[in-house]
Amino acid sequence: MQTVECEKYAVQGMSCAACSARVERAVSELEGVREVSVNLLTNSMTVSYDESLSSADITQAVTNAGYGASLADSSSTRSQASSAEALQDTETPRIIRRLVASLVLLVPLMYLSMGHVMWDWPVPAVLASNPLAIGLIELILSSAIMVINQRFFISGTKAVIHGGPNMDTLVALGSAAGWIYSVAILFQMTATGLGEGAQAAHHGLHKLYFESSAMILALITVGKMLEAYSKGKTTSAISSLMELAPQTAHVLRDGVEHDIAVDDVAVDDIFVVRPGESFPVDGVVLEGSSAVNESALTGESLPQDKAPGSQVSAATINQNGALVCRATHVSADSALQRIVDMVQDAAATKAPIAKLADRVSAVFVPIVVGIALVTLIVWLLLGAPFRDALSHAISVLVISCPCALGLATPVAIMVGSGVGAKNALLFKNATALETLGSTDFVMLDKTGTITEGKPQVSDVICADDVSEQALLELAAGLEEKSEHPLSIAVKDYARKHDVKARLTTSFTALPGFGIEATLEDGTVARAGNLALMREHGIDVGELDRRAEALALEGKTALFFAQESNIAGLIAVSDVTKDDSAEAIRQLKDLGIHSIMLTGDSHQTAAAIAGKLDLSAYIAELLPQDKEGQVQRLQESGTVAMVGDGINDAPALTRAHVGVAIGAGTDVALDAADVVVMRSSLLDAVAAVRLSRQVMKNIRQNLFWAFFYNVIGIPLAAGLLTPFNITLTPMMGAAAMSLSSVFVVTNALRLNLFNPKAVSGSAQPFRVALPQELMPTNNPKQPEAPTFTESAHTTQFTQQSNQTEKDHQTSDEKGSLAMRKNIEVEGMMCEHCVAYVTKALEKIEGVSEVEVSLENKYARVSVESSVSDENLQAAIVDAGYETGAITELVS
């Protein structure tokens with residue numbers, strides 16, 4: 001059956017963890033429900049179910065459980081205004097009004113019951129001599145307070161009727177028990193009468209519990225107000241983001257500017273943003289240039305230059321020039337709204353660590369009611385007055401707090417998600433937020449994650465008597481008409497250094513070798529690899545050794561010559577990002593192994609690994625191999641995969657936690673569990689640090705919630721009464737109120753946490769690096785490690801005759817008759833390696849291909865039916881030359 005993924009509902013009437021547990025149980029019992037998660041903090045529920053059910057069935061199940069439910073607005077139909085409205089704290093003002101009304105009545109009630117009766121404070125003479133009148137006034141005032149706070153009684157009674165007593169049931173029972181007992185005493189006082197019995201009736205005032213019943217409700221309401229206020233603060237980070245988006249947009253229609261509501265802006269509308277204004281929606285710049293502050297979304301502190309064709313996002317700030325833009329994503333589809341949705345969705349999910357609290361919450365209230373009854377009976381059997389026994393029972397009821405249990409996890413998740421959003425770290429669900437902090441291995445895609453993702457010129461080496469300016473002018477002219485990635489790197493370098501390219505009159509591409517062109521003075525110039533230079537008899541002198549040294553550093557050397565004279569070489573490499581080395585060092589300090597995945601050769605990968613001090617690397621990978629490597633490493637511990645490209649999506653999905661970096665591709669974003677908006681590995685490390693801090697906060701909350709109830713309930717039951725330590729119902733109510741406030745306030749401390757700040761000493765690795773990834777020598781010495789070769793994957797390993805085992809396995813299968821070595825000329829870079837690999841893989845009967853750029857060979861495992869001519873033809877068709885083909889003997 002087809003599953004409906006994550007349909008979200010708003011749930012009404014929940015007041016504590018017992019409520020959310022009952023709703024979750026009621027829905028999960030429906031046949032066809034795959035998964036259900038109820039969040040007490042956001043009063044929301046997420047349900048996955050198959051086509052045998054409908055949303056009406058879901059809402060009916062919630063109704064039958066004693067609560068209300070309705071489908072929440074989908075992100076596709078939600079407007080910006082409605083999203084901002086949903087984030088507003090509407091609960092706190094309502095509770096404050098109820099609390100103020102309660103306090104207005106509570107003050108005279110406490111004056112009469114405590115001030116006059118206990119401390120003989122003055123009252124009008126008509127009351128001083130009439131204890132029944134005082135009792136009646138207490139009855140009226142306490143009853144009014146109970147009416148004002150009737151929600152406790154309504155919710156508690158409904159919960160009992162539907163078989164799921166909750167926190168409101170405990171409060172209602174405690175308050176009602178004291179009130180009923182007091183009414184009985186008041187009737188007893190009327191039997192005593194006035195006159196001679198007035199003294200006895202006045203003594204009866206000391207037995208009344210009206211003020212306790214009212215004070216319990218008032219104190220619980222104070223706690224609820226503080227809790228609601230604190231919960232409202234958990235969304236402060238998101239609210240501050242929403243406030244950055246303007247409410248109106250300057251839209252051009254028929255050449256006339258109109259100010260319209262941002263929710264009325266349509267895709268393809270043309271809008272204007274002046275200096276100092278925020279962008280109302282996502283768009284693309286049509287006219288103008290400016291610098292835009294994108295720190296609110298990406299965390300990037302430096303303004304980003306924008307020109308025609310540049311993308312802009314809602315809520316970012318235009319700093320100087322006016323821009324005319326075309327709307328591309330509006331309202332619910334904007335980047336801002338997607339961030340808000342992601343944070344809210346994360347808060348609506350449930351972390352695995354919350355399961356214990358859920359199990360306790362489901363049976364908490366019935367157990368507490370049972371303990372209260374046992375307390376009452378035991379004290380009566382011990383000979384205590386009924387009033388004292390009832391006091392202990394009421395204290396047990398009102399001090400017990402399932403709310404703290406229910407809030408321990410979701411408030412920390414909500415605040416942590418908000419802190420992440422403020423720092424451009426987005427967690428899609430609570431499981432990712434919990435799991436990322438326990439990561440043992442981080443597998444890093446090289447291109448675009450560790451490196452910049454585009455080749456750049458790293459070295460310019462001139463021949464004798466040739467200036468750098470002359471070499472760059474020649475190189476720029478030769479590469480002018482080429483679109484090869486290496487040519488683009490050379491042209492960009494020349495452009496940045498204001499080099500004027502020499503003019504050419506003809507241009508010829510030499511696939512696998514380089515390019516040839518005729519300069520304006522009629523001389524012939526060439527650019528390419530060493531093989532091209534040798535073919536034309538050009539003596540490169542000492543530059544060949546320099547090229548070999550550069551190759552050991554993972555760089556590609558391009559030679560440039562005019563006629564028979566060498567002009568020099570330019571080395572091109574995909575340079576590592578400035579902060580990659582620091583990020584990997586911080587991962588190491590957090591006790592996490594960093595492992596690089598790359599399609600590069602062993603030599604290039606080893607050079608990068610040594611430079612960055614990586615724990616290990618896996619080289620010569622095809623895109624489809626990454627997922628398998630992640631899966632293999634998962635046998636050794638928790639694995640996080642960090643990547644940015646389309647070919648990373650399967651590995652991101654396979655990992656315990658997938659992290660898309662630099663806002664990546666849409667496919668990578670969909671596959672990832674965590675999205676890092678900036679293209680910086682340091683932010684991925686910050687996400688790990690935030691995850692650990694959130695989990696630490698959750699453990700503190702859960703400890704307090706359990707510790708409070710374990711200590712508080714026996715204390716309220718009178719366990720320490722022999723030591724003259726007694727807890728009154730009013731003290732119990734105050735403690736109950738403060739317990740939830742403590743949990744929420746502790747979670748709010750996360751707002752003070754800076755995930756990008758490095759603190760603490762280095763931690764040891766929690767698990768050892770798997771043996772097959774252990775280097776035989778330091779990775780800073782790339783010539784030392786030996787490798788196994790299998791299906792384009794390479795790992796650090798001990799030799800241990802692994803190659804021989806591979807051949808034995810192949811022979812056992814009977815499908816591979818031999819392995820062959822083919823000399824290949826003309827390969828200049830890793831792109832060439834990919835072309836040759838792909839060409840050979842297309843041949844039927846070829847099952848394994850390994851191509852080496854440095855050694856200029858291709859090794860294949862083939863069936864006997866594949867001829868040498870087939871292999872040569874495939875390589876030649878790809879634009880390269882072949883040399884001798886020899887059979888490898890195992």
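Reader: Why are strand β8 and β11 called paired?

Author: In this predicted model, strand β8 (residues 282-287) and β11 are joined by 2 bridges and run antiparallel. Pairing requires at least two bridges found by DSSP, so the 2 bridges here satisfy the definition. As one example, Gly 283 has Val 312 in β11 as its bridge partner.

Reader: What makes β11 an edge strand?

Author: Happy to explain! The strands of this open sheet follow the order β6-β5-β7-β13-β8-β11, with antiparallel pairing. β11 (311-312) pairs on one side only, and so does β6 (256-261), which makes them the edge strands.

Reader: How do you know that β9 and β10 pair?

Author: Count the bridges again: strand β9 (residues 290-293) and β10 share 3 bridges in the antiparallel sense. The definition asks for at least two, so they pair. Val 292, for instance, has Gln 304 in β10 as its bridge partner.

Reader: Why is one side of β10 and of β12 left without a neighbour in the sheet?

Author: Their open sheet has 3 strands, in the order β10-β9-β12, and the pairing is antiparallel. β10 (304-306) and β12 (317-318) stand at its edges with a single partner strand each, so one side of each has no neighbour in the sheet.

Reader: What makes a residue count as buried, and what share of the protein chain does?

Author: A residue is called buried when its relative accessible area is under 20%. Of the 890 residues in the protein chain, 53% count as buried.

Definitions and conventions. Residues are numbered from 1 along each chain as its sequence is written. This is a predicted model: local features need pLDDT of at least 70, side-chain atom pairs count only at pLDDT 80 or more; totals for chains, interfaces and linings use all residues. Side-chain values use heavy atoms; hydrogens and water are left out. Buried means under 20% relative accessible area, exposed over 50%, partly exposed in between (1.4 Å probe, protein chains only). Helices (H or I, at least four residues) and strands (E, at least two) are DSSP runs, numbered from the N terminus.
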